[in-house]
Amino acid sequence: MTKKFNIAVFKGDGIGPEVMAPTVAVLQALSERFSEFSFDFHAVEAGAGHYAKTGKSLPSESLQVARTADAILLSAMGLPEIRYPDGTEIAPQIELRMELDLYAGVRPVTVIPGQDSPLKSADLSKIDFVIVRESTEGLFASHGKGEVENDETARETMVITRTVSQKLFDFSFRLARQRKAAGTGVGKVTCVDKANVFKAFAFFRKISEEVGRNYPDIELDAAYVDATALWMVQKPHVFDVMVTENMFGDILSDLGAGIMGGLGLAPSADIGDKHAVFQPCHGSAPDIAGKGFANPIAMILSAAMMLDWLGYERDVPSMITAADIIRSAVASVIADGPKTRDLGGTATTGDISAAILAACEAVRETA
Ligand code: ATP
């Protein structure tokens, strides 16, 4: 029997629509090959362009479609020249995290064979870890609430709660278990904090230890964020699942994307108890928007994460097979070309998208 999934599609701003179109095409093609699942894609409006036209960045109708969808695909959003009156950028993706309680920001870091990484000394094939970025509180709890007093003193307040931290660590230990079972991880969680300086982080670390007692099969480790940044460059293979506060996670995710070879390759997911959003790590890249050479791979790999998540959550194993097909197809395109400009090539978004679609087809024949 075919399970039908409603997918909310936020095509976003800048290069957003350019990378979303081929992603939907890949998902559509895969759903036509597997009888176990199919998709209804629902295009929804949000973002800086929509705000400029209507004064609303995340209309309530769009939020409602997202709430009732089985999963949400979201491309990059925000444009530097379109801002709220207080000067901050339009970021419906942050509002969605808060509205839908998407507390776990999952950012996998791997170097696809054949991909050049700025890291030369490490054994690149051993780099396979996941940053779990808390995505609803931390320093971002202050989003839209910061104060500047008399043009002299500015304040933003970080918030760490027991409820969210417990769920976050539970999620991360389960992920470490899943990775250990799949052979992609060794079964280790590292709490990344600044517990030597801030009470909030000592509290965060304490909760990691409390939750860790329920997972005796998983090793718990802790590291300060500054040392973690160093080790991500010097010995990235020591990490498996890394859990951290929102702002630290924001920064370390971009470092992770750099290790992978660039933002155009880095996928991500924001996951809660009931909802999940899948979006690339990169922004709307206004400098290259409309020029036809945006790299769609980060968005397409985010869609693979969506297939994994739906496959596990709704018990549809062929969706997990389809996710593996996407990853293999991307790996073969990385190895054999074509490449977009961010990866040193000259190919267009259309060239890469066609190559990935063709490679998906080829992988299926031997799967
Ligand atoms: P945000 O703060 O919204 O995440 P950002 O300031 O990190 O955005 P991006 O929009 O991600 O900036 O772009 C950073 C650089 O990376 C830009 O030069 C952009 O052209 C490039 N870039 C980002 N995504 C892609 C992509 N998919 N393909 C090619 N280049 C990209």
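What is the volume of the second largest pocket? About 330 Å³. That pocket comes up again under point 6; the notes below start with the sheet, and keep in mind throughout that this is a predicted model.

1. **The sheet as a whole.** Ten strands make up an open sheet, and the pairing is mixed. Reading across, the order is E2-E1-E3-E12-E11-E4-E5-E10-E8-E9. Strand E2 (37-44) and E9 take the edges with a single partner strand each, so one side of each has no neighbour in the sheet. On average, neighbouring strands here are turned by 25 degrees against each other, direction ignored.

2. **E3 and its two partners.** Have a look at strand E3 (residues 71-74), where Ala 71 and Leu 73 point one way while Ile 72 and Leu 74 point the other. All of these residues are buried. On one pairing, strand E1 (residues 3-10) runs parallel to E3, joined by four bridges. On another, E3 runs parallel to strand E12 (residues 276-278), with two bridges between them. Leu 73 shows up in both registers: Val 9 stands opposite Leu 73 in E3, and Leu 73 in turn stands opposite Phe 278 in E12.

3. **E5 and its two partners.** Strand E5 (128-134) is mostly covered, with six of its seven residues buried. E4 and E5 run antiparallel and are joined by seven bridges; in that pairing Ala 104 stands opposite Glu 134 in E5. With strand E10 (residues 241-244), E5 pairs in the parallel sense over four bridges. Two matches to check by eye are Ile 131 with its bridge partner Met 242 in E10, and Arg 133, which stands opposite Thr 244 in E10. For the general picture, strands of a sheet pair through backbone hydrogen bonds, either parallel or antiparallel.

4. **H7 over the sheet.** Helix H7 (residues 225-234) lies across E5, strand E8 (188-193), E9 and E10. Its direction is at about 100 degrees to E9.

5. **The largest pocket.** This one holds about 1200 Å³ of space. Its lining counts 38 residues, with Leu 175, Gln 178, Arg 179, Asp 308 and Arg 327 lying nearest the centre. Which element gives the most to the lining? That is H9, with seven residues. Helix H9 (297-313) is one of several elements that each supply at least two lining residues; the others are strand E4 (104-110), strand E5 (128-134), helix H5 (162-182), strand E11 (269-271) and helix H10 (317-336). By class, the lining has 24 nonpolar, six polar and eight charged residues.

6. **The second largest pocket.** Back to the one from the opening, with its volume of about 330 Å³. It is lined by 17 residues, and nearest its centre lie Gln 93, Arg 97, Arg 133, Asp 250 and Cys 281. Arg 133 is the E5-side residue already met opposite Thr 244 in E10. Helix H4 (92-99) and helix H8 (246-260) each supply at least two residues of this lining. The class split is six nonpolar, six polar and five charged.

7. **Lys 194: buried or exposed?** Buried: Lys 194 sits at 17% relative accessibility, and it counts as buried because the cut-off is under 20%. Lys 194 lies in the loop between E8 and H6. Leaving out residues up to four places away in sequence, Lys 194 touches Phe 201, Tyr 224, Val 225, Asp 226 and Phe 248.

8. **Ile 218.** Here is another loop residue, placed between helix H6 (199-212) and strand E9 (219-224). Ile 218 is buried as well, with a relative accessible area of 6%. With residues up to four places away in sequence not counted, Ile 218 touches Phe 173, Ala 176, Arg 177, Lys 180, Gly 187, Lys 188 and Val 189. As a check on the span of the model, Ile 218 and Ala 289 are 71 residues apart in sequence and 44 Å apart in space, C-alpha to C-alpha.

Terms used:
Residues numbered from 1 in each chain as written. Predicted model: local features only at pLDDT ≥ 70, side-chain atom pairs only at ≥ 80, totals over all residues. Heavy atoms only, no water. 1 Å grid on protein atoms, 1.4 Å probe; cavity = no way out; pocket = protein on both sides within 12 Å on 5 of 7 lines; lining within 4 Å. Points joined across faces, edges and corners; volume = space filled by probe spheres on them. Nonpolar A, V, L, I, M, F, W, Y, C, P; charged D, E, K, R; others polar. Buried < 20%, exposed > 50% of the residue type's maximum accessible area, 1.4 Å probe, protein only. Contact = heavy atoms within 4.5 Å. Pairing = 2+ DSSP bridges. Axes fitted to C-alpha atoms, helices over the stretch in contact; angles between N-to-C directions.
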